[in-house]
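Got your viewer open and a selection box ready? Let's take a walk through this one, stop by stop.

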Amino acid sequence: MSEQPESTGVRRREFLKILGATGAATATLGCGTGDVERLIPYLIHPDQTVPGVSSYYATTCRECSNACGVIAEVRDGRTIKLEGNPDHPLNRGALCARGQAALQGLYNPDRYRGPMVRQGGRLVPTTWDQAMQLLVQRIGEARAGGRAANALFLNRHETGSFAAFLDSWLSAMGMPPALSLDVLAQTAVMEANRQSYGIAWPSLDFGAARLIVSFGADFLDDWGATIPQQLDFADARAKLATAPRMIYIGPRRSLTGLNADEWIACKPGAELAIARALQSGAKAGGGDKASVEQAAQQSGVPAAQLQRLAAEIAASKPSLLLAGARTANASELALTINSLNQSLGNVGATVKPTSPITSFDGTTPAAELLAAVERMRSGQVPITFVRGVNPAFTIPRAVDFAGAFARVPFKVAFSSYPDETSEMCDLVLPDHHPLESWGDATPVPGTIGLQQPTMEPVFNTRQTADVLLLAARSGGVAVGAGATTTWRDLFISRIPGGAAALTAALPRGLMPGSLQGAPSRRPAVAPAPTPSPLPPPTESAPGDFYLVVYPSSVLGDGSGANKPWLQELPDPVTKIAWQTWVEIHPLTAARLGIESGDLIRVSGPGGKAVEVPAYVYLGIRQDTVAMAFGRGHSAYGRYAKDVGVNPLDLFASGTDARVAGGGGGGGFAWTQGRVSLAKSDGYMHLATTEGSARQHGRGIGRALTALAGGTMREAAGGEHGEEVAPTGEKGAQTARPGKASAEQAGAETMPGDASHDFLPGLRSPLAADAQGDVASGIERKEGGMYSSQHWSGMAKRRWAMTIDLARCTGCSACVTACYAENNIPTTGAPYQSTAGLSRSATPGHTGLPGSNIVRGREMAWIRLERYYEGGEDGTSSFDTRFVPMLCQHCGNAPCEPVCPVYATYHSPDGLNVQVYNRCVGTRYCSNNCPYKVRYFNWFGYGEPHRAQYAWPEPLHWQLNPDVTVRGKGVMEKCTFCVQRIREAEHRAKAEGRTLVPDEFTVACAQACPSRAITFGDAADAGWTVAQLAQDARAYHVFEELNTYTAVVYLKKVNHPALGPDAEAVGGGT
Amino acid sequence: MTKRKKWTVIPGLFTVAATAVLLSAYSGASSPQGRSPKQPLPFPHPVHVQTLGMNCLYCHFAAFKSPDPGMPAVGTCMGCHTVVREQRPALNGRLARKSEGIATLIRYADKKQPVPWIRIHKVPDYVNFPHMRHVNAGVTCQTCHGQIQAMAQVYQAQSLNMGWCVTCHVERKARYDCSVCHY
């Protein structure tokens, strides 16, 4: 054997070197302790707190004018979650997505971190002392010059002490009262209500109505007191066969419209024509043929449909008619509807002026704001204060607020965020976030909603009231009662009963009574509107299509755009996130050769144009296009800037943005122009979470059709078209004959027989069978944990959930609740865009918002699916099914056997568990999941050094300490809030008891403003969920796959028109 | 010829074997068992617990009611050390001396700064270890923290690896399903 000196393989020495190096590296990695972690104790331990245990503070949400009550969960000094206050008269424990996202305002990384002053054209940080000095000096100059009476204070609308204090401060300074602004306020409706009932907003009793007719009133989106309305509407719908039928009249089906049983697709602005026809018909006592014909002509709705509407309204008493279109004739519409409600006898029955909601009292109509803008433009205004509003964004560009504002010599912002308006200001004195502030609200008469700080201020901010008090004192002006020097003292002095009463009431967040010296804000002076000739005012405008601009139900007035939870939350109607789109009817789109995603140039009358992707949407008239308002900021932080476009830019001139009714309600008329469309070169992937808008016969969202006599029949879209399911629990036995007979015969129930026995998964041993322990009869000697006799007792429980589709309105509050509870990263921010990193990336995606979602990388553990039934031919009669889709926690889960490392398995208490530390990221489980509810961490969203880090400082202060922040390459999914289950078990154990039925619930169920979700132990009959799972409407999604899911859906109930021609028009049949 | 093949195939086998050895060593070596970093000030557990007879719960007051046992606030230390200053008198046969540790503590307190203790016992983020469940079940502090009452400088006495946890859970008939701790 001869030596072969020229070996092609690895040589011995090299091999040893490699081996040595590898070993050393491994050893270093293995033994390295990494960064030194510090344990920082308190300096002085605060009383009544326990580290690692949450404290709860009741306070008031200030994200919109409603001022719902919230309970803030505070862990170790940081507010980590907001939930509705169950005692609050408005929201009764529920909380919408916007309210929950207040936390991301509190911890917003782009918040002003301290006072700023303009120097050399830029805002630069300054100290509070210097800032106050400048403020006092400039106020003094304005007062000395005798021009203080022209000063302007633009304030966010809120009820309560601060508004009253502000006006007294302004009057002490010789300044006029503040403008109390809420761009979403239905000022037209409020003004009509004041004329009709003497109050701004009556409470509405949806449950008492037999018929709900909405004339563009999006009471589930942004119209009025949304949360209480949604609670009541869902309760009304839960009456199933006897629930009120709902009709929506408007050019576009909003989220509210999709919840209606019938949609009357009228031209924009023609809601009034229909209302007038109904009015004259009611006067004539049974239909006025001529006026109906006229209304049909003007509204573009078949006369027969209007005739039937009139007949139905006449026949269904009491009914509930709601007005809310954002058109130029909104005031007249609201007055007409009020008088219709009066003549139909609905006032007192369904419309209750005797129990008003006072949240909106004192809002300034847009007309006054526009007049103020003109005063600024003329150079009369010496000083302008802005607090919590962003008129540079919310006023149509054509009004040129920015130009007028720039002419004010000294502009002060009390805003928290660098928005379009505050960025123009000369001095920024950032206010505390509402969660750091003292205050109060008056949601209903006789009740004070209290607002208290939930934590120490995150940044170097000061509450505006304190700044104003200090400015007054420094300027030698006396404001407030005597010697009070801080806002907190002043606030307490206004509370009936003082500090003692406040201390007693704070735990509940509410107290009876009204404030000392409550403000008597002047009601807006409103001349009675003169009836105008009927053609919709849009008719004369040039352009091919009517444009409907509507406020996004997720982003509100645009103030939600800097909160990634809200940007990432798909629009409840279109399922698009992080983008602005234009909605086009399928037939129109086909005519113009447009498909979803094609870039469309939308041109307004004055040549203003925006370029947005098209979204082909069934729920819009063929002669109308629609765009959502809320995105398109040119400032406002990393999550909002250059994300989407602002449709208000399209309005050509100030006169086009005319004020409704010529001095009636005085709201902005957003639906008032015509636009032309042109397909431009290019295509933009829609950042949508939707695969298909159709169920393709899969029976995911099923519905029943209510028939006369209180019975229900299976509607289209279900798999068992002929099945007749009687109402209520009583009928459960007759609906499930299979199980009883099979058991009597002693036959073995085979898993394949699921269609006869629609709930086998919840209590069958199938869950255990998946583990091969119990059902196979092989009881191991020591007894597996899956045995109900096992000492751990875990197998005695079967955690389960029911979702009532008759209640669900698709509002998506559950989605945001899940983000907040489970540390779910948002992935769509422009800075998280990863185009260019991957070779498979679509060209042109660099830095585009939502590009991760385009590639299906969203992380939402609960997804609100929305399916249409019917309307394939483009007609307006289609039915919508909202289906919250989350991990079904299958008893026989397809994901479990395919995992090569046992990272996902079935726990004895019925959870499908994902063990992050076992997961190696093969994604087989996701591939095998029929529900597509598993989400993969493609990037290190939870790792601060990564470019895709989802919680830049201090956003990560919000993270739930009970939940692991997942790392890169790990699969994750809904856990049924296992941390809440364990927490409840800890609590029960500490108290020496077992769990009490319904003693806790999961985050989505807690937030749901429709009360559609119920969670609990299906193995214990004491829990509500165990009863609901037995309901006759219950079904499992993809039951035929034998997955034996723990999530049980209850079928939606449709309410077609009952009558001779009902079948032709009724939705969903 | 065979020699040539030997050094191309054998390295592969060596690599596999070495990887296996290293991986198994890694799983053991990844525990910082025995780690005993120098703290910002030398807190002597023996003096407080053994000599003075203080209960663990005096300082770690939440151990029986919270997942987090709690580190004593500087105010808690100063509750005694406002009186027990750095000049220690002669006591029990010891000479009078100046305690550097107490002096450091008082400096922190005067500057109104918390003591930045170095964390020794840590389970990974994906592990939930509720102290109160263990304490209330009769698991002593020493089970996990070793003879901490006798440690002049605290060190990690146990590996705190999962196998170590599970062994105890099985022996004591505590639930050991993954989702009991991992979520």
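Before we start, one term: two strands count as paired when DSSP finds at least two bridges between them. Keep in mind too that this is a predicted model.

**The whole chain**

Select chain A and colour it by secondary structure. You should find 32 helices and 39 strands. Of its 1069 residues, 57% count as buried. Among contacts with a separation of 6 or more, 71% are between residues 24 or more positions apart.

**Stop one: an open sheet**

Now pick residues 211-215 and 245-249 of chain A, which are strand 10 and strand 11. Five bridges join this pair, and the two strands run parallel. To see how they line up, show A:Leu211, which stands opposite A:Arg245 in strand 11 of chain A.

Widen the selection to the sheet they belong to: four strands, open, in the order 12-11-10-13, with parallel pairing. At the edges sit strand 12 (262-264) and strand 13 (319-323) of chain A, each pairing on one side only. From one strand to the next, the twist averages 15°.

What packs on this sheet? Helix 11 of chain A does, touching strand 10, strand 11, strand 12 and strand 13 of chain A. The direction of helix 11 makes about 130° with that of strand 10 of chain A. Helix 12 (residues 330-343) of chain A packs there as well, touching strand 10 and strand 13 of chain A. Compare directions and you get about 170° between helix 12 and strand 13 of chain A.

**Stop two: a helix pair**

Keep helix 11 (residues 303-315) of chain A on screen and add helix 10 (residues 289-299) of chain A. Their axes come within 9 Å and cross at roughly 125°, so helix 10 and helix 11 of chain A are oblique to each other. The crossing is right-handed.

Which residues meet here? Show the side chains of A:Val292, A:Glu293, A:Ala295 and A:Ala296 from helix 10 of chain A, and of A:Ala303, A:Leu306, A:Gln307 and A:Ala310 from helix 11 of chain A. By class, this contact has six nonpolar residues, one polar and one charged.

**Stop three: a barrel**

Next, move along to the closed barrel of six strands in chain A, which runs 21-25-22-24-23-26 with mixed pairing. Neighbouring strands in this sheet are turned by 45° against each other on average, direction ignored. Select residues 545-551 (strand 21) and 673-683 (strand 26) of chain A: three bridges join them, and they run antiparallel. A:Leu547 stands opposite A:Gly673 in strand 26 of chain A.

**Stop four: a covered helix**

Select residues 813-822 of chain A, helix 25. Is this helix mostly covered or mostly open? It is mostly covered, with ten of its ten residues buried. Among them are A:Cys814, A:Tyr819 and A:Glu821. Just after helix 25 of chain A, look at A:Asn823, which takes a positive phi of about 55°.

**Last stop: one leucine**

Finish on A:Leu864, in strand 30 (residues 863-869) of chain A. Why does A:Leu864 count as buried? Because it has 23 C-beta neighbours inside 10 Å, and 20 or more are needed. Leaving out residues up to four places away in sequence, A:Leu864 touches A:Pro572, A:Gly810, A:Ser812, A:Val815, A:Phe882 and A:Pro884. One of these, A:Val815, is among the buried residues of helix 25 of chain A.

Note on methods. Residues are numbered from 1 along each chain as its sequence is written. Chains are lettered from A and ligands numbered from 1 in the order in which they are written. This is a predicted model: local features need pLDDT of at least 70, side-chain atom pairs count only at pLDDT 80 or more; totals for chains, interfaces and linings use all residues. A residue is buried if 20 or more other C-beta atoms lie within 10 Å of its own, exposed if 12 or fewer, and partly exposed in between; C-beta atoms are placed from the backbone. Two residues are in contact if their C-beta atoms, placed from the backbone, lie within 7 Å. Axes are lines fitted to C-alpha atoms, for helices over the stretch in contact, and angles run from 0 to 180 degrees between N-to-C directions. Angles under 35 degrees count as roughly parallel, over 145 as roughly antiparallel, 65 to 115 as roughly perpendicular and the rest as oblique. A crossing is left-handed if the near helix is turned anticlockwise from the far one by less than a right angle, and right-handed if clockwise. Ala, Val, Leu, Ile, Met, Phe, Trp, Tyr, Cys and Pro count as nonpolar, Asp, Glu, Lys and Arg as charged, and the others, Gly among them, as polar.
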